[in-house]
Amino acid sequence: MTVSTDEAAERLGVSRRQVQRLIAAGELPAQRTAGDAWLVDALALNALNRARPSRGRPWTGETAWAALWWLSGLDAGWLGARTEARLRGRLRRLDSSALVAACRRRATTHRYRASESFLIALRDAVALSGSGGATAADFGIAADETRVDGYVDRETLGDLVTRFHLTPDARGNVTIRAVEAPPAGLLDRRAMPTAVVALDLAESLEVRERSAGLRVLEDMLR
């Protein structure tokens with residue numbers, strides 16, 4: 001089901017221009033019609049509406065990545081000591097939904113449709129996360145082998161689209177999250193740390209995945 005940008009703006013309580021910015025940033029899946037209008041995915045709109053905070057701005061990508069690294073028990077050496085101290089204090093005051101909203105600028109999300117014959121090679125080309133990086137031990141759900149979900153740096157995205165003939169599709173089987181200027185070593189991994197996987201699951205359109213992600217984040221924040 002889809003809705004117009006006007007209806008999306010009304011549900012979110014923002015202007016139509018802001019809805020267009022969300023679409024351009026990959027935060028709100030939408031499809032362009034033959035008449036050059038945008039139709040917004042209704043399930044994604046509902047999920048975004050739940051995640052949007054009542055106040056406060058989202059963190060920068062650098063700050064969001066540091067928070068997710070710390071929650072996963074990893075060192076985030078790219079922040080200064082004072083910034084680190086402030087961020088750790090803020091984390092103690094957040095719940096899982098607020099963390100999801102604060103970290104939404106960590107990457108730009110792109111959704112595609114790919115041939116099943118490309119999925120194995122495509123999975124090897126990204127740092128797996130979300131439904132692709134989940135484990136039964138941590139989340140109670142196994143990785144979904146019928147989909148690819150992972151991170152790359154922004155410069156790599158165009159190459160993947162060409163190599164694997166990716167077609168934009170809001171409900172497609174490939175989700176690629178492009179990171180602008182990632183901290184050194186951020187993407188040099190087969191799969192993303194647990195907090196990143198949980199965050200991406202918490203933004204899922206699937207109820208079971210979303211619940212699993214929020215539960216793990218809540219446990220990490222305690």
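**Exercise 1. The surroundings of Ser129**

Leaving aside its neighbours within four places in sequence, with which residues is Ser129 in contact?

Solution. The model is predicted: local features need pLDDT of at least 70, side-chain atom pairs count only at pLDDT 80 or more, and totals for chains, interfaces and linings use all residues. Residues are numbered from 1 along each chain as its sequence is written, and side-chain values use heavy atoms, with hydrogens and water left out.

Step 1: locate the residue. Ser129 lies in the loop between strand E5 (127–128) and helix H8 (130–133); helices (H or I, at least four residues) and strands (E, at least two) are DSSP runs, numbered from the N terminus.

Step 2: classify its accessibility. Buried means under 20% relative accessible area, exposed over 50%, and partly exposed in between (1.4 Å probe, protein chains only). Ser129 has 0% relative accessibility and therefore counts as buried.

Step 3: list the contacts, which are heavy atoms within 4.5 Å. Beyond four places in sequence, Ser129 meets Asp149, Gly150, Tyr151, Met192, Val196, Val197 and Asp200.

**Exercise 2. Strand E8 and its partners**

Determine which strands pair with E8 and in which direction each runs.

Solution. Step 1: apply the criterion that two strands pair if DSSP finds at least two bridges between them.

Step 2: examine E4 (residues 108–113), which is joined to E8 by five bridges and runs antiparallel to it. Here Thr108 stands opposite Ala178.

Step 3: examine E6 (residues 148–153), which is joined to E8 by six bridges in a parallel arrangement. In this pairing Gly150 faces Ile176 of E8.

Step 4: consider burial. Six of the six residues of E8 (174–179) are buried. Val174, Ile176 and Ala178 point one way, and Thr175, Arg177 and Val179 the other way.

**Exercise 3. The nonpolar cores**

Describe the largest nonpolar core and the helices that supply it.

Solution. Step 1: define the object. A nonpolar core is a set of buried Ala, Val, Leu, Ile, Met, Phe, Trp, Tyr and Cys residues joined through side-chain atoms within 4.5 Å.

Step 2: identify its central members. The largest core has 38 residues, of which Trp59, Trp65, Leu91, Leu99, Phe139, Tyr151 and Met192 touch the most other members.

Step 3: assign the sources. H4 (61–71), H5 (81–91), H6 (96–102), H11 (194–202) and H12 (207–221) each supply at least two residues; the largest share, eight residues, comes from H4.

Step 4: separate the other core. Another core, of 15 residues, lies apart from this one and includes Leu119, Leu160, Phe164 and Ile176.

**Exercise 4. Aromatic geometry and a charge over a ring**

Classify the ring pairs Trp65–Tyr151 and Trp69–Trp78, and then find the charge over Trp70.

Solution. Step 1: set the limits. Rings of Phe, Tyr and Trp (its six-membered ring) pair if their centres lie within 6.5 Å; planes under 30 degrees apart count as stacked, over 60 as edge-to-face and the rest as tilted.

Step 2: apply them. The whole structure holds four aromatic pairs. Trp65 and Tyr151 are edge-to-face, at 5.2 Å centre to centre and 75° between the planes. This pair links helix H4 with strand E6, 86 residues apart.

Step 3: treat the second pair. The ring centres of Trp69 and Trp78 are 6.0 Å apart and their planes are at 65°, so this pair is edge-to-face. Trp69 is buried at 6% relative accessibility, whereas Trp78 is partly exposed at 22%.

Step 4: turn to Trp70. A charge sits over a ring if NZ of Lys or CZ of Arg is within 6 Å of the ring centre and within 35 degrees of the ring normal. The charged end of Arg88 sits over the ring of Trp70, 4.3 Å from its centre.
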